[in-house]
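Welcome! Have the sequence and the fold open side by side, and let us take a friendly walk through them.

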Amino acid sequence: MFIGHFAPAFIAAAHVRNNPKTKAPGLGTFFVAAQLVDFGFFAFTLLGIEKMRITPGISAMNPMDLYHMPYTHSLFGTLLWAALFAALVYLATQHKTASIWTGIIVASHWFIDLLVHVPDLTIAGGGDKIGLGLWNYPWIAIPLELALIGGAIFYYIKLTEQKHETSRWRLRLLIIALLAVQIFNWFAKPPAQFGADMAISALAAFTVLALLAKWTGKSRVQGNRGML
């Protein structure tokens with residue numbers, strides 16, 4: 001799953017708002033949280049710490065063989081990333097609600113991956129690998145991903161308000177970018193082998209989407225129904 005990971009980010013951004021003492025992080029920060037462990041994974045592949053390869057046929061939808069990723073995609077590893085990023089957000093903002101949401105978003109990555117990955121996830125970095133394997137069932141995985149992100153965006157729209165006329169175009173551009181990246185992820189011809197260019201492209205895509213989300217989030221404010 002790719003853009004489905006951003007669903008919790010939209011939900012958090014619909015609720016977390018500034019308080020009298022501090023400015024809350026926005027949609028861009030929550031987008032980083034949603035893909036934080038993948039930021040870490042692709043950075044670690046560049047350093048040789050974690051590993052993947054292209055194995056055609058390993059699943060019906062995705063040829064990525066994620067055979068060694070104990071530090072980012074084990075449950076314990078993901079929870080550690082979640083705790084550290086939540087603590088960082090709290091230290092930077094002193095905003096307790098935002099830090100809790102941040103931790104939840106980071107942690108959600110592992111559980112969403114559990115639905116679609118073939119068995120390549122672990123609990124603590126070793127032992128049996130798990131994954132429910134919905135990548136082998138495109139007729140389930142594709143509608144599920146679209147439903148997750150579509151529902152979250154609809155929720156975000158309902159609980160936030162435009163600051164100005166360009167707000168809707170910023171959100172539309174973000175949605176178009178998300179769909180474009182997802183379509184590429186689903187249907188582009190995979191490379192013959194994994195290399196640094198693939199890792200750098202993934203990191204660049206995550207960064208661009210986070211920047212677009214930050215730009216979009218600045219153009220919207222929470223309505224009364226989005227207050228926490």
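## A salt bridge to start with

Is R53 buried, partly exposed or exposed? R53 has a relative accessibility of 41%, so it counts as partly exposed. Please keep in mind as you read on that this is a predicted model.

R53 is a good place to begin, for its side chain meets that of D65 in a salt bridge, with 2.8 Å from N to O. The pair links distant parts of the chain: R53 belongs to strand 1 (residues 51-54) and D65 to strand 2 (residues 64-68), 12 residues apart. D65 has a relative accessible area of 12%, under the 20% cut-off, and is therefore buried. In other words, the bridge joins a partly exposed arginine to a buried aspartate. How many salt bridges does a search of the whole structure find? The search turns up one.

## The overall build

Stepping back, the protein chain holds eight helices and four strands. Read from the N terminus, the order of the elements is α-α-α-β-β-α-α-α-β-α-α-β. The radius of gyration is 17 Å, close to the 17 Å that the globule rule gives for 228 residues, so the chain is as compact as a globular protein of that length.

If you like to picture a box, the C-alpha atoms fill one of roughly 50 × 35 × 30 Å, taken along the principal axes. Of the 228 residues in the chain, 50% are buried.

## Two patches on the surface

Now for the outside. Which residues gather in a patch of positive charge on the surface? They are K23, K163, K214 and K218. One of them, K218, sits in the loop between helix 8 (196-217) and strand 4 (220-222). With 48% relative accessibility, K218 falls between the 20% and 50% limits and so counts as partly exposed.

There is a nonpolar surface patch too, of about 500 Å², made by L46, L47, I49, Y71 and I200. Among these residues, I200 lies in helix 8. Its relative accessibility is 49%, so I200 counts as partly exposed.

## Loops worth a look

Two loop residues deserve a stop on the tour. Q94 is found in the loop between helix 4 (75-93) and helix 5 (96-116). What is notable about the backbone there? The phi angle of Q94 is near 60°, a positive value in a residue other than glycine. Q94 has 47% relative accessibility and therefore counts as partly exposed.

Y137 is placed in the loop between helix 5 and helix 6 (138-159). Because its relative accessibility is 41%, Y137 counts as partly exposed.

## Distances along and across the chain

To finish, here are two pairs that you can check with a distance tool. Y137 and G223 are 86 residues apart along the chain, and 39 Å separates their C-alpha atoms.

The other pair is R168 and I157, which stand 11 residues apart in sequence and 9.5 Å apart in space, C-alpha to C-alpha. You will find R168 in helix 7 (residues 167-187). Why does R168 count as partly exposed? The reason is its relative accessibility of 33%, a value between the 20% that bounds buried residues and the 50% that bounds exposed ones.

Definitions and conventions
Residues are numbered from 1 along each chain as its sequence is written. This is a predicted model: local features need pLDDT of at least 70, side-chain atom pairs count only at pLDDT 80 or more; totals for chains, interfaces and linings use all residues. Side-chain values use heavy atoms; hydrogens and water are left out. Patches are made of residues with over 30% relative accessible area and no salt bridge: like charges are joined within 9 Å, nonpolar side chains (Val, Leu, Ile, Met, Phe, Trp, Tyr) within 5 Å. Accessible areas come from the Shrake-Rupley method with a 1.4 Å probe; for residues, only the protein chains shown count as cover. A salt bridge is a side-chain nitrogen of Lys or Arg within 4 Å of a carboxyl oxygen of Asp or Glu. Lys and Arg count as positive and Asp and Glu as negative; His and the chain ends are not counted. The place of a charge is taken as NZ of Lys, CZ of Arg, CG of Asp or CD of Glu. Buried means under 20% relative accessible area, exposed over 50%, partly exposed in between (1.4 Å probe, protein chains only). The radius of gyration is taken over C-alpha atoms; the globule rule is 2.2 Å times the number of residues to the power 0.38.
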